[in-house]
Amino acid sequence: MTTITALPDTDALRVRAEEALRRCGARVPTGEGLTARTPLTGGTLFTLPVATPEEADAAVTAAEAAFREWRTVPAPRRGALVKRLGELLTAHKEDLAELVTIEAGKIHSEALGEVQEMIDICDFAVGLSRQLYGRTMASERPGHRLSESWHPLGVVGVISAFNFPVAVWSWNTAIALVCGDSVVWKPSELTPLTALACDALLRQAAADSDAPGDVHRLVLGEREAGQRLVDDARVALVSATGSVRMGREVAPRVAARFGRCLLELGGNNAAVVTPSADLDLAVRGIVFSAAGTAGQRCTTLRRLIVHEDVADELTERIVHAYASLPVGDPFRAGTLVGPLISTASYEGMARALDAAQADGGKVLTGGDRRLREEAPHAAYVAPAVVRMPAQTEIVRAETFAPILYVLTYRTLQEAIELHNGVPQGLSSSIFTQSQREAERFLAADGSDCGIANVNIGTSGAEIGGAFGGEKETGGGRESGSDAWRAYMRRATNTVNYSDELPLAQGVNFL
């Protein structure tokens with residue numbers, strides 16, 4: 001693997017971040033409590049104030065008041081706000097991508113792609129604003145019409161993670177706004193600067209569209225700030241992205257107050273490679289899915305389940321491909337792997353590799369830390385490939401780092417059982433040229449994930465489809481398809497246009 005040694009300076013990154021914020025109409029608030037760092041150097045960019053409990057409550061109060069006004073605005077007019085947001089995101093695409101790279105460490109092309117996702121979901125939501133369809137059903141009673149309608153839900157609390165600091169917010173916010181909801185956003189404490197920029201752009205869009213300014217409120221803080229949203233009965237829906245541990249805490253607390261949850265939690269995604277697979281195609285799909293974003297996507301490929309007839313050849317080709325992955329400055333053209341978010345992430349990766357080797361695994365490449373002298377407080381690592389004799393406990397766990405475990409199988413049924421034999425159920429794929437194998441993988445007793453792909457990797461979902469997974473992934477669905485229904489409430493309506501009053505099921509009362 002090539003190591004790119006020239007890294008930007010923390011002071012220079014601070015200036016670039018501040019300039020990008022200014023161009024987006026935001027400023028860095030001064031205060032103590034929250035430290036904005038960059039994983040490129042591990043250095044501190046700014047210190048920011050955190051929201052007090054009173055300020056978090058006030059944000060919900062303001063959003064609730066805005067909701068009462070916003071819910072009565074016709075949906076196509078609500079779409080005009082999101083359309084304007086999309087225009088501003090387009091105009092500031094480079095600024096936002098700059099902040100994503102500085103704060104999250106993504107290579108710049110991936111950062112640009114994340115901002116493009118925001119633009120795309122705005123386009124989708126604008127169209128959706130004229131398609132919030134109900135339905136009409138046949139009534140068993142003469143002179144009656146039976147139908148359903150969808151109405152705005154209320155305040156939506158969005159708790160987002162560092163690895164997609166802006167895209168996941170936009171999935172929730174663009175859809176929630178056209179559905180007539182207001183939003184309170186608690187971003188990851190690791191990426192507050194991108195949140196400030198997005199909030200500023202949405203406030204500008206609201207002003208330009210004559211929408212209530214408090215239809216979106218930003219709450220900066222750590223765990224306690226998120227807990228305020230989780231426990232506030234005025235927050236109708238909590239959409240939370242993060243770890244399974246977080247989900248185990250959030251779900252019962254929201255349920256205890258009869259609120260709604262939309263959870264996007266861990267993924268331990270696998271690809272099955274059959275003997276008929278196009279190996280050239282498979283290698284390209286596997287390497288991007290496993291090493292992209294330094295393994296810090298919820299859809300990262302973590303397990304490779306390969307037929308024993310092609311396992312040696314495919315593994316050798318992947319190891320060879322990994323050797324050519326440039327690791328280093330994510331702003332530099334040609335870099336394919338940027339830093340982990342923190343040195344703690346590297347320590348977790350190292351522990352996982354130790355556990356895998358204790359279980360009989362063999363590290364074929366990678367796993368070592370790069371640029372220790374140039375950036376001692378940053379965590380640049382070489383993506384690892386580990387050949388495993390079995391699906392052990394460490395393989396069944398999600399390590400949020402670039403480790404690809406290689407397992408072998410004999411029959412497709414065995415491969416599917418290995419694939420499904422983990423607690424998580426987000427994304428999956430199969431590489432095959434056999435229609436029978438592909439359809440078997442997509443069948444009800446095939447992949448148990450929310451996303452199942454054929455001849456592409458596990459990452460890189462498009463906004464048109466609903467995004468989310470099963471089991472410990474949480475069961476939530478965001479983005480496209482009919483995911484909008486999570487942000488609305490359903491009403492069943494019966495209209496009697498006759499002068500009689502027949503009861504259903506033939507009941508006679510008077």
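A helix here is a DSSP run of at least four residues, and the helices are numbered from the N terminus. Keep that in mind as we walk through this model, which is a predicted one.

Let's start in helix α7, which covers residues 192–208. Two of its residues, D199 and R203, sit four residues apart, or about one turn of the helix. Their side chains meet in a salt bridge, with 3.6 Å from N to O. How exposed or buried are these two? D199 is buried, at a relative accessible area of 11%, because anything under 20% counts as buried. R203 comes out at 34%, which makes this residue partly exposed.

R203 has another partner too. Its side chain also meets that of D214 in a salt bridge, this time at 3.9 Å from N to O. D214 lies in the loop between α7 and β7 (216–218), while R203 is in helix α7, so this pair ties together parts that are eleven residues apart in sequence. Like R203, which is partly exposed, D214 counts as partly exposed, with 28% relative accessibility. Shared partners carry things a step further: D199, R203, D214 and R217 are joined into one network of salt bridges.

R217 takes us into strand β7, where it is the bridge partner of V184. The strand on the other side of that pairing is β6 (residues 182–186), and β6 and β7 run in the parallel sense over three bridges. In general, strands of a sheet pair through backbone hydrogen bonds, either parallel or antiparallel. Now zoom out to the whole sheet. It is an open sheet of five strands with parallel pairing, in the order β7-β6-β5-β8-β9. Which strands are at the edges? They are β7 and β9 (260–264), and each of them pairs on one side only. From one strand to the next, the twist averages 15°.

Helix α7 and strand β7 come up again when we look for empty space. Rolling a probe the size of a water molecule over the atoms shows where such space is left. The second largest pocket has a volume of about 420 Å³. Of the 17 residues that line this pocket, the closest to its centre are P29, L196, D199, L218 and L220. So D199 turns up again here, the same residue that is buried at 11%. Which elements give two or more residues to the lining? They are α2 (53–70), α7 and β7, and α7 gives the most, with four residues. As for character, the lining divides into twelve nonpolar residues, no polar ones and five charged ones.

For a last stop, let's go back towards the start of the chain. Side chains of opposite charge can pair when their charged atoms come close. The model has 30 salt bridges by the rule used here. One of them is between the side chains of R16 and E98, at 2.8 Å from N to O. R16 lies in helix α1 (residues 10–23) and E98 in helix α4 (residues 93–104), so this pair ties together parts that are 82 residues apart in sequence. Of the two partners, E98 is buried, at a relative accessible area of 14%, whereas R16 is partly exposed, at 28%.

Technical notes:
Residues numbered from 1 in each chain as written. Predicted model: local features only at pLDDT ≥ 70, side-chain atom pairs only at ≥ 80, totals over all residues. Heavy atoms only, no water. Salt bridge = Lys/Arg side-chain N within 4 Å of Asp/Glu carboxyl O. Buried < 20%, exposed > 50% of the residue type's maximum accessible area, 1.4 Å probe, protein only. 1 Å grid on protein atoms, 1.4 Å probe; cavity = no way out; pocket = protein on both sides within 12 Å on 5 of 7 lines; lining within 4 Å. Points joined across faces, edges and corners; volume = space filled by probe spheres on them. Nonpolar A, V, L, I, M, F, W, Y, C, P; charged D, E, K, R; others polar. Pairing = 2+ DSSP bridges. Axes fitted to C-alpha atoms, helices over the stretch in contact; angles between N-to-C directions.
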